[in-house]
Amino acid sequence: MWQRNQTFLADFILEGLFDDSLIHLFLFSLTILVFLIAVSGNTLTILLICADAQLHTPMYFLLSQLSLMDLMHVSTTIPKMATNYLSGKKTISFVGCATQHFLYLSLGGGECLLLVLMSYDRYVAICHPLRYTILMNRKVGLMMAVMSWLGASINSLIHTVILMHFPFCGSRKIHHFYCEFPAVVKLVCGDITVYETIVYISSVILLLLPIFLVSTSYAFILHSVIRMHSAGSKRNAFATCSSHLIVVSFWFGACIFSYMRPRSQRTPLQDKVGSVFYSIITPTLNPLIYTLRNKDIAKALRRVLGRDILTQRQQLPFP
């Protein structure tokens with residue numbers, strides 16, 4: 001019995017993204033650079049929204065939650081990949097793999113739900129501006145955030161517990177750079193057709209249903225924007241919504257590519273490319289898209305920087 005438990009809890013081997021070649025060393029360095037940009041960009045967005053009182057609105061509160069999810073998402077996968085590459089080790093413990101699987105699945109599912117709620121926020125702001133403070137107050141925004149985190153965490157916990165209770169065969173080598181579901185499930189022994197069907201249904205609920213809801217929200221938004229008489233209002237509405245749609249398209253496109261293709265059409269390389277896109281590239285682009293195209297964020301940055309400069313000047317020992 002003890003020997004069986006030891007085998008069950010044995011370490012996994014992560015294949016990783018890179019080998020020891022010069023070109024892969026360059027790609028590894030580029031990945032670390034992108035990781036640092038993602039961490040700094042999302043951290044800056046969160047700090048700005050917390051520091052500037054004018055950004056304490058439901059829209060920016062939800063944006064801060066998106067940045068927090070992106071920050072945690074890249075921190076769940078990249079540091080372990082970098083540590084294994086630099087140390088030459090490729091192992092990850094059973095508990096570490098289960099934890100990584102739970103975290104990335106929770107954050108991914110939470111982001112899917114949060115993007116839907118953010119599109120609803122924009123729908124209310126543009127289609128019902130006079131009722132915005134009633135329909136979207138701080139309490140509603142907080143409830144939306146809690147729903148995203150809690151719903152995704154429960155879903156992830158169920159899938160992680162079920163997956164990690166299956167017996168694993170062979171070398172326990174995961175052809176990936178982290179414990180992503182499609183790569184881990186390939187190591188499972190026995191027939192898991194029923195479970196894969198359940199996972200597919202869960203993917204439909206967390207991917208296709210949100211896409212439908214987001215599309216519906218923006219259909220109403222587009223209809224309202226076309227009817228606007230002010231050219232300035234149209235530009236502001238299109239600027240805000242287009243940035244959101246870019247994020248949604250990148251995120252859901254990569255997730256559908258990774259999770260809704262039949263197993264027969266999957267290859268380890270394709271799984272890695274899809275994962276790199278939604279676990280590294282998208283969290284890096286999100287703060288850039290939102291901050292570069294958002295005048296409120298730019299003004300908040302100038303206010304915070306101006307306030308810090310003024311404080312430093314006041315502390316100087318003038319004669």
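**Exercise 1.** How many aromatic pairs does the structure hold?

*Solution.* Start with the ground rules. This is a predicted model, with residues numbered from 1 along each chain as its sequence is written. Local features need pLDDT of at least 70, side-chain atom pairs count only at pLDDT 80 or more, totals for chains, interfaces and linings use all residues, and side-chain values use heavy atoms, without hydrogens and water.
Next, the criterion. Rings of Phe, Tyr and Trp (its six-membered ring) pair if their centres lie within 6.5 Å; planes under 30 degrees apart are stacked, over 60 edge-to-face, the rest tilted. The count is 13 aromatic pairs.
One of them joins Phe177 and Tyr178, edge-to-face, at 4.9 Å centre to centre and 70° between the planes.

**Exercise 2.** Classify the pair Trp251 and Tyr278, then place both residues.

*Solution.* The centres are 5.8 Å apart and the planes meet at 80°, so the pair is edge-to-face.
Trp251 lies in helix 9 (residues 231-259) and Tyr278 in helix 10 (residues 268-292), 27 residues apart. Helices are DSSP runs (H or I, at least four residues), numbered from the N terminus.
Buried means under 20% relative accessible area, exposed over 50%, partly exposed in between (1.4 Å probe, protein chains only). Trp251 has 1%, so Trp251 is buried. Tyr278 has 2%, so Tyr278 is buried.

**Exercise 3.** Where is confidence lowest, and where highest?

*Solution.* Use pLDDT, the predictor's confidence in each residue, from 0 to 100. The chain averages 83. Helix 1 (residues 2-8) is lowest, at a mean of 45; helix 6 (residues 138-164) is highest, at 93.
Where pLDDT is low, the predicted coordinates should not be read in detail.

Key:
Helices (H or I, at least four residues) and strands (E, at least two) are DSSP runs, numbered from the N terminus.
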